[in-house]
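User: I have a chain open on my screen and would like to talk it through. Can you take my questions as they come?

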Amino acid sequence: MDRCISIKEVFADRQAGAPRLLSVDTPKARLTELERDLIPLPWVSVHQGVNGNLLQQASERSLFVESRDRIHKKRTVCWRLMKLVKQLNQFELMRLKLGTAKRRGWAT
């Protein structure tokens, strides 16, 4: 499996009918398209902390995998980002208040 494979090579192989195993990160838009088919399928424990789901389509089999550690990491990054945005908004508010105070001659 190869994440760095050229997309042109993949399409050439598909046209030739050659099967190929690829490891790819599925874009959100693609997951949205597949969501209807994925929801009813059960997730199976593949490894400790890792769940998988196999989706069989006409000419394609897709294995979706989620890791509890990865989910935790993404939530932590999101939480930190929200915290930073909140702090930036507070600094911006303080800057605006200071600017108003300077214009009114209350601060130097």
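User: Is Asn51 buried or exposed?
Analyst: Asn51 counts as buried, because its relative accessibility is 19%. Buried means under 20% relative accessible area, exposed over 50%, and partly exposed in between, with a 1.4 Å probe and protein chains only. This is a predicted model, where local features need pLDDT of at least 70, side-chain atom pairs count only at pLDDT 80 or more, and totals for chains, interfaces and linings use all residues. Residues are numbered from 1 along each chain as its sequence is written, and side-chain values use heavy atoms, with hydrogens and water left out.

User: What does Asn51 touch?
Analyst: Leaving aside residues up to four places away in sequence, Asn51 touches Trp43, Val44, Ser45, Val46, Phe64, Val65 and Glu66. Contact means heavy atoms within 4.5 Å.

User: Which strand is Asn51 in?
Analyst: Asn51 lies in strand 2. Helices (H or I, at least four residues) and strands (E, at least two) are DSSP runs, numbered from the N terminus. Strand 2 is mostly covered, with five of its seven residues buried.

User: What stands opposite Asn51?
Analyst: Ser45 stands opposite Asn51. Strand 1 and strand 2 run antiparallel and are joined by three bridges. Two strands pair if DSSP finds at least two bridges between them.

User: How many residues sit between strand 1 and strand 2 in their hairpin?
Analyst: Two residues lie between the strands of that hairpin, and Gly49 takes a positive phi near 85° there.

User: And on the other side, how many bridges pair strand 2 with strand 3?
Analyst: Strand 2 (residues 50-56) pairs with strand 3 over seven bridges, in the antiparallel sense. Gly52 has Val65 as its bridge partner, Asn53 stands opposite Phe64, and Gln56 stands opposite Arg61. These two strands also form a hairpin, with four residues between them.

User: What's the strand order in the sheet?
Analyst: The sheet is open, its three strands come in the order 1-2-3, and the pairing is antiparallel. Strand 1 (44-47) and strand 3 (61-67) are at the edges with a single partner strand each, so one side of each has no neighbour in the sheet. The twist averages 40° from one strand to the next.

User: Which helix packs on the sheet?
Analyst: Helix 2 (residues 28-38) does, touching strand 2 and strand 3, and its direction makes about 85° with that of strand 2. Axes are lines fitted to C-alpha atoms, for helices over the stretch in contact, and angles run from 0 to 180 degrees between N-to-C directions.

User: Stepping back, what pattern does the chain follow?
Analyst: Along the sequence the pattern is α-α-β-β-β-α, with three helices and three strands. Of the 108 residues in the chain, 13% are buried.

User: Where is confidence lowest?
Analyst: Confidence is lowest in helix 1 (residues 7-16), with a mean of 62, and highest in helix 3 (residues 68-103), at 90. For the chain, the mean pLDDT is 79, and 77% of the residues reach 70 or more. pLDDT is the predictor's confidence in each residue, from 0 to 100.
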